[in-house]
Amino acid sequence: LELVYTMKKGFEDENFYFVIFKDNIWSKPKKMKYPTNTLYNEGAYSISPDGKELFFASCNRLDGYGGCDIYYSELIKDTLWTNPINLGPIVNSKYWESQPSISANKNLLFFSSNREGGIGNRDIWVSKRLGRYDWSEPYNLGDKVNTEKDEITPFIFFDSKTLYFSSKGHLGMGGYDVFVSSIDNEGYFSHTKNLGFPINTHKDESSLIVTKNFSYG
């Protein structure tokens, strides 16, 4: 079992680290190498279930379009990845795009952004894959998911229909709470539900990732 996470250490920017769980013990954290980590700020790691495609956010790069953009890398062999590719001006904008989550079939990319055309400040958007490197104009998930306040950290479950996310705008217990929504028969997300206590409290909860068999989060 391997866990990848973001850490800000000392005067460094945010970088990815990983630990391995073996014999009921977590290993010491190791900083991931280039191209995952660079001189810039990296975060919000999403890898496809087959382990061959990586999506992440990075901020203030020379090839960026705004503060933070979403990037893409492919596995060449073993642990060797291609140089990160900016997903371009259709997915990314002059605003903040971050926290990508790729669906199991690799056809849908969910992310949070404060771009124009949304309902609130940070909304959850989805872009559909048109080709290997081509993505559709992002679609706002609408008012069943998004509110006038912030919606962040989307995670699309393995069925590509169930979405977990955090929100300050839906009725909750305080701060950010974790919610779940699913696609209805007409293809829209509806019936957003608060996951309740003990997951949610009066403090902030976000970034929930759920295993394929629903056993762990």
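The following paragraphs describe the confidence, strand pairing, disulfide and backbone geometry of a predicted model.

The protein chain of this predicted model has an average pLDDT of 91, and 97% of the residues score at least 70. Within the protein chain, confidence is highest in strand S12 (residues 123-128), with a mean of 98, and lowest in strand S8 (residues 80-81), where the mean is 79. As a general caution, predicted coordinates should not be read in detail where pLDDT is low.

Strand pairing is considered next. Four strands form an open sheet in the order S10-S11-S12-S13, and their pairing is antiparallel. Strand S10 (97-102) and strand S13 (139-140) occupy the edges of this sheet, and each has a single partner strand, so one side of each is left without a neighbour in the sheet. The pairing of S10 with strand S11 (residues 108-113) is antiparallel and comprises 4 bridges; within it, Ile102 has Leu109 of S11 as its bridge partner.

Two hairpins were also examined. Strand S5 (residues 41-47) runs antiparallel to S6 and is joined to it by 5 bridges, with Gly43 standing opposite Ala57 in S6. The hairpin of S5 and S6 has 5 residues between the strands, and Gly51 in this hairpin adopts a positive phi near 75 degrees. Strand S16 (residues 177-183) and S17 likewise run antiparallel, here joined by 4 bridges, and Val180 is placed opposite Lys193 in S17. The hairpin formed by S16 and S17 has 5 residues between its strands, and Gly187, which lies in the turn, has a positive phi of about 90 degrees.

A search of the whole structure for disulfides finds 1, which joins Cys59 to Cys68 with an S to S distance of 1.9 Å. The torsion about the S-S bond of Cys59 and Cys68 is about 90 degrees, and the disulfide is therefore right-handed. Both Cys59 and Cys68 are buried. In general terms, such a link is a covalent bond between the sulfur atoms of two cysteines.

The region between S6 and S7 also holds a residue with a positive phi. Asn60 is located in the loop between strand S6 (53-59) and S7, and although Asn60 is not a glycine, its phi is positive, at about 65 degrees. With a relative accessibility of 57%, Asn60 counts as exposed, whereas Cys59 and Cys68 are both buried. Ser73 is placed in strand S7 (residues 68-77), and its relative accessible area of 2% falls under the 20% cut-off, so Ser73 is classed as buried. The side chain of Ser73 reaches the backbone oxygen of Thr82 at 2.6 Å.

Further backbone features occur in the segment after S17. Phe197 and Pro198 are joined by a cis peptide bond, for which omega is about 15 degrees, and Pro198 is found in the segment that follows strand S17 (189-194). Phe214 also lies in the segment after S17; the phi of Phe214 is near 65 degrees, a positive value in a residue other than glycine. At 52% relative accessibility, which is over the 50% cut-off, Phe214 counts as exposed. For context, most residues other than glycine have a negative phi, and most peptide bonds are trans.

Technical notes:
Residues are numbered from 1 along each chain as its sequence is written. This is a predicted model: local features need pLDDT of at least 70, side-chain atom pairs count only at pLDDT 80 or more; totals for chains, interfaces and linings use all residues. Side-chain values use heavy atoms; hydrogens and water are left out. A disulfide is a pair of cysteine sulfur atoms within 2.5 Å. Buried means under 20% relative accessible area, exposed over 50%, partly exposed in between (1.4 Å probe, protein chains only). A polar contact is a pair of N or O atoms within 3.5 Å; within protein, one must be able to donate a hydrogen and the other to accept it, and residues adjacent in sequence count only if both atoms are side-chain atoms. pLDDT is the predictor's confidence in each residue, from 0 to 100. Two strands pair if DSSP finds at least two bridges between them.
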